[in-house]
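Hello,

Here is the structure I said I would pass on. My notes on it follow below the display.

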Amino acid sequence: MAMLIATWKHCVYVFSTGLEDEVDTFQEEHERERHRGKRRDGERAKKKKRGNGEGRKRASRAGREEEKLQARREKKGRRKKSSSDQEAEGREGDEADQPTTKSSKAAKTRKNVKNEKTRKVEKEEKEDEADDEERNRKRKKKHGSNKKEENVEDGNTVKEKAGEVKKKKHKKVVETSSEKETSEEEDNEEEDSEEKEVRPETLTPEELEMLKEAVDERKKLIQGLRGKPWAMKKKLVTLRESQEFVDKYEGALGKGKGRKLYAYKVMMTKKWMKFKRDFENFKTACIPWEMKIKEIESHFGSSVASYFIFLRWMYGINMILFCLTFGLVMVPEALMGRPYGTIPRKTVPRAEAPSAMDFAVLWDFGGYAQYSVLFYGYYNNQRAIGWLKFRMPLSYFLVGVGTVAYSYMVVIRTMARNANESGVGDDNSFNFSWKMFTSWDYLIGNPETADNKFASITTIFKEAILEEQESRKDDNIHLTRFLRVLANFLVLCCLAGSGYLIYFVVRRSQKFALDGLENHTWWERNEVNMVMSLLGMFCPMLFDVISALENYHPRVALQWQLGRIFALFLGNLYTFIIALMDEINLKREEENIVKFNITTWEASHYNISASENSTSPPVTIQPADVPRGPCWETMVGQEFVRLIISDTMTTYITLLIGDFLRAVLVRFLNYCWCWDLEAGFPSYSEFDVSGNVLGLIFNQGMIWMGAFYAPCLPALNLLRLHVSMYLQCWAVMCCNVPQERVFKASGSNNFYMAMLLVILFLSTLPAIYTIVTIPPSFDCGPFSGKKRMFDVIQETLESDFPAWFSKVFSSASNPGLVLPFILLMVLAIYYLQSTSKSYKEANVDLKKKLQTQNEENKKKNKLAALKAQMDLEEARKAASPSAEHQKNNNASPDQEADEEEDRGRSQRMYHSKNGRSPPPHRHYGQLPATRAPVPRNYPHGNQGSAGYLPSFPRENEARMHRVPSLQRH
Amino acid sequence: MGTTASQLGKDMLSEYQELTFLTKQEILLAHKRFTELLTKDEKDLPNNRVPMERILTLPELKSNPFRKRICNVFSTSEYKDGGLTFEDFLDLLSAFSDSATLEIKSHYAFRIFDFDDDGTLDCGDLEKLVNCLTGETDDTRLTPEEMRQLINNILEESDIDKDGTVNLSEFQHVISRSPDFVSSFKIVL
């Protein structure tokens, strides 16, 4: 505190002396600082030599030291104040002495600042690459661990140096205080630096600009710090330094008014950052079931977890769908629409009333459930309801459209993101390397899973090697082909059979329905759903058996299997829909009859009432007594809801019996059984990821299909997903074993997504067809009385919007405008596709270029190395005459050296033989002539070995001069 | 470094958040798990280092074939014994976290695979790597012939400059195209 006061006083004082002086004072000071910095740097270098360990310790000690120093400083505060004032006066005197050098000095200072900054940046970057460099160096010269050790230290010193430069420049308190043996003098210097720091007004615009740059740089550094592969300690030190620097100098930016604003801005950004971080934390905390999934992930690897992540994703989508239908359709109708029992469509008919509350009826979604907001038929065609004038039919229609549109959007967006993430993942150029480097799933924390993974990796390796060795193994290809054709034929038979079965069952159920459901057993009433669920359960097993015939690679087999199950489900679903369509047509015929009957009934009723008393108020007929049409929309909704319910039940029961009961039996019967149940035949079940994902996808497809006619479907599905999340998590953890065939999740992710998209498309198709082509029922649902359901849009346009809007809309929707627009879109799609294709080509080209360049570089390097060697030889050659000369002079020639020389020559010869461009022999003869003066530099001087030695330095010199020129080639 | 989660100072916590890819909850959890590894008398010392043997008892690392390498890479110990301080531990978790970038993940993966710490993946490293991946048992091990073939294939693919080893940039080039590296190079507490 005292320090600050001192500085401020100083500042004020300087201010009063005038702006000109002020700037110069600062620069002067700056210069001095630099000198001191250098001095300090020197000291530091000395200290550094004392050992790296100390340096590290020093850094860690920094914090404590700083505190100590702070205390010391406070003590000295008063003394310092006076001394600094004196200093300032002294400086002014100095300035007066040297007015001429001022400007030049100032310029230099600025330059220095800049230089230093750039240097610093470089250093920082270097730091980044320090490790890499280290590696590269090592790669070139492979030495023992000794060398390595050295290099590490080297890296450390580089880092440390960088840190020091930084610190020097910014006069970090941490830095200075980190030196334990700070002398009194140094303390003083430190105070000076402090003074400088807190005097931002003295900065020139350019310096301010630079400072700002530096601050921004620091901020960037802080931002990117987490992405640096450094040890935490180093990151911490860097962070603290940078933070301190930013804190210190941020306030210095901007002047007067601007400064306040700037400070405010800085504060706000800080707050905003903090808020953002907290929000991120909050967001991750909000992701449901994160811990559960992670636990599963660690036990079963990422593929099983991917199912649960997919389930969660589905849950999220259904949540949105539920919010849409619940908030915009169900709740408004329930709150603001006419209450139950006011109009025929909202009342249970008299005939059904006695059994309307029976559980069996409710379970089938008849009775009161049928005449509630859960189904289409309950909604009234009143245009606006409640005091809000909520446009109910319009809302119903738009929610239906919005549901589909949102689903499309989400699925496609996710697919695109997945495709982006995987990038160009479909090329097989790194087949082996990927298997090697990325096949381990680090999430596996369960020894058993790990063992399975080891086994599967081994098989993957072996398979890959085999595939590589014999890319096409065609032993008895005719048999294989025949078997495959047979298998496909069998599968097709299965599919056709299951389709026919469903059709048959649906038709039969219609007959039952006409007879009246009460006369039949539970099985006959639920036949359709049960048959569909059972088919879904047993056909995949059949396919599995059939696929054993085909002898495919497991991955291919898995895809075939998935494709077949997909086809089965799809076939079943579509048969179901076709049967439903038949039923719809039947109901519509029935409706026509009912319509006719109603008119006669009404007429007769009117006649009766008229004949009774013509003046009486209109007769009140109980809404329950009014005859009504069959309302096919509700029927469709009911069918889908029943389907979902039975599907859910089957899933859960299979889970309980197939997994839980089996696990229990295996676990407890194992004590008294003749063979090992756990390891032998029944064993525990595996978690079937693909089957479960497919089930989920089809379930979702049914939701999309039926949601328009039964607004309760998303809610039901939400419930189902919620329950299955917990149930399956539990089942997996308690009664499943890790898969033997552990396959990667992300690779098949988009495969599932593509399936989902196909299902979405196929399920919206019938829904859209019914909406567009079949006229709505005359006495139920929000669109009753209209010719087509989408007429509600036109109605809204005509009555709720101003005239010009509908005019614009109608003119915009005429074919003359729509057709060109479609054409334009097609063109755009074509254009984008062709550009993407060309980008891909460019990519391939670049890759090729890169490869060829690499090869060329390699060649060049080899050549360069060869040339360098030749030069070396030349130099030696040039040097050797002198040696020989000396040898001649000397009576005792150094035998050893001679031998060495000979060896070297033979080696050289060997190299030149091997090299692509053998060195011309003439060179040897010529060069000594051109280089004749060289030996003369060492004329017949010393004897023996001493005389020989100079050739080494010469040789080195020659190389040093030559190599750069070679690299330019 | 305190001994309980509450003693992990607020400043430290925010700094750690700044420096790692972890969220606050994850850091706190990491701290909890780390202090569980400390013995009683160690808990009072600041800045203590947990030896590798005790780190490896963590279930998340227990069955990982690279567990020792991971410890060695993230350890800042002077004795090269693979002991981890809490900060090293955080570094580890950060590199293996969900949100870590591909760059940092591939950097550490390279260092983990570089068994002899010489900055390149040479044949010896690759062999050790394959042995790690195929497990310790004999029936899953590859024959020498297969091993040679495999390593040759790998070098063929990823050794772009054909110097017989895979260096960091080649490694990163290979990894960056892999569809499932980021999703599998994860360790979650």
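Glu795(A) counts as partly exposed, because its relative accessibility is 25% and partly exposed runs from 20% to 50%. The model is a predicted one, and that applies to everything in this email. The side chain of Glu795(A) meets that of Lys786(A) in a salt bridge, with 3.6 Å from N to O. Lys786(A), at 16% relative accessibility, counts as buried, because the cut-off for buried is under 20%. The two residues also belong to a network: salt bridges with shared partners join Arg383(A), Arg391(A), Lys786(A), Glu795(A) and Asp800(A).

Two other salt bridges in chain A are worth a look. One is between Asp647(A) and Arg720(A), at 3.2 Å from N to O. This pair links distant parts of the chain, 73 residues apart: Asp647(A) sits in helix α21 (residues 632-669) and Arg720(A) in helix α23 (residues 713-735). Arg720(A) has 8% relative accessibility and so counts as buried.

The other joins Lys346(A) and Glu333(A), at 2.6 Å from N to O. Here the partners are 13 residues apart, with Glu333(A) in helix α11 and Lys346(A) in the loop between α11 and α12 (359-363). Both Lys346(A) and Glu333(A) are buried. Over all chains, the count of salt bridges comes to 17.

As for chain A as a whole, it has 32 helices and four strands. It is 969 residues long, and 43% of them count as buried. Of the contacts in chain A between residues at least 6 apart in sequence, 79% join residues at least 24 apart. Its accessible surface is about 53000 Å², with 60% belonging to carbon and sulfur atoms.

Next, the interface. Chain A contributes 66 residues to the contact and chain B contributes 79 residues. Between them the two chains bury about 6800 Å², 60% of it on carbon and sulfur atoms. Three salt bridges cross this interface. Glu18(B) and Arg277(A) form a salt bridge in which the closest N and O atoms are 2.9 Å apart. There are also four residue pairs in polar contact across the interface, both residues being at pLDDT 80 or more. On the side of chain A that touches chain B, helices that each supply at least two residues include α4 (102-140), α10 (256-286) and α16 (447-469). The largest share, eleven residues, comes from α16(A). By class, that side of chain A has 27 nonpolar, 16 polar and 23 charged residues.

Regards

Conventions. Residues are numbered from 1 along each chain as its sequence is written. Chains are lettered from A and ligands numbered from 1 in the order in which they are written. This is a predicted model: local features need pLDDT of at least 70, side-chain atom pairs count only at pLDDT 80 or more; totals for chains, interfaces and linings use all residues. Side-chain values use heavy atoms; hydrogens and water are left out. Contact means heavy atoms within 4.5 Å. Buried area is the accessible area (1.4 Å probe) that two parts lose on being put together, summed over both. A salt bridge is a side-chain nitrogen of Lys or Arg within 4 Å of a carboxyl oxygen of Asp or Glu. A polar contact is a pair of N or O atoms within 3.5 Å; within protein, one must be able to donate a hydrogen and the other to accept it, and residues adjacent in sequence count only if both atoms are side-chain atoms. Ala, Val, Leu, Ile, Met, Phe, Trp, Tyr, Cys and Pro count as nonpolar, Asp, Glu, Lys and Arg as charged, and the others, Gly among them, as polar. Buried means under 20% relative accessible area, exposed over 50%, partly exposed in between (1.4 Å probe, protein chains only). Accessible areas come from the Shrake-Rupley method with a 1.4 Å probe; for residues, only the protein chains shown count as cover.
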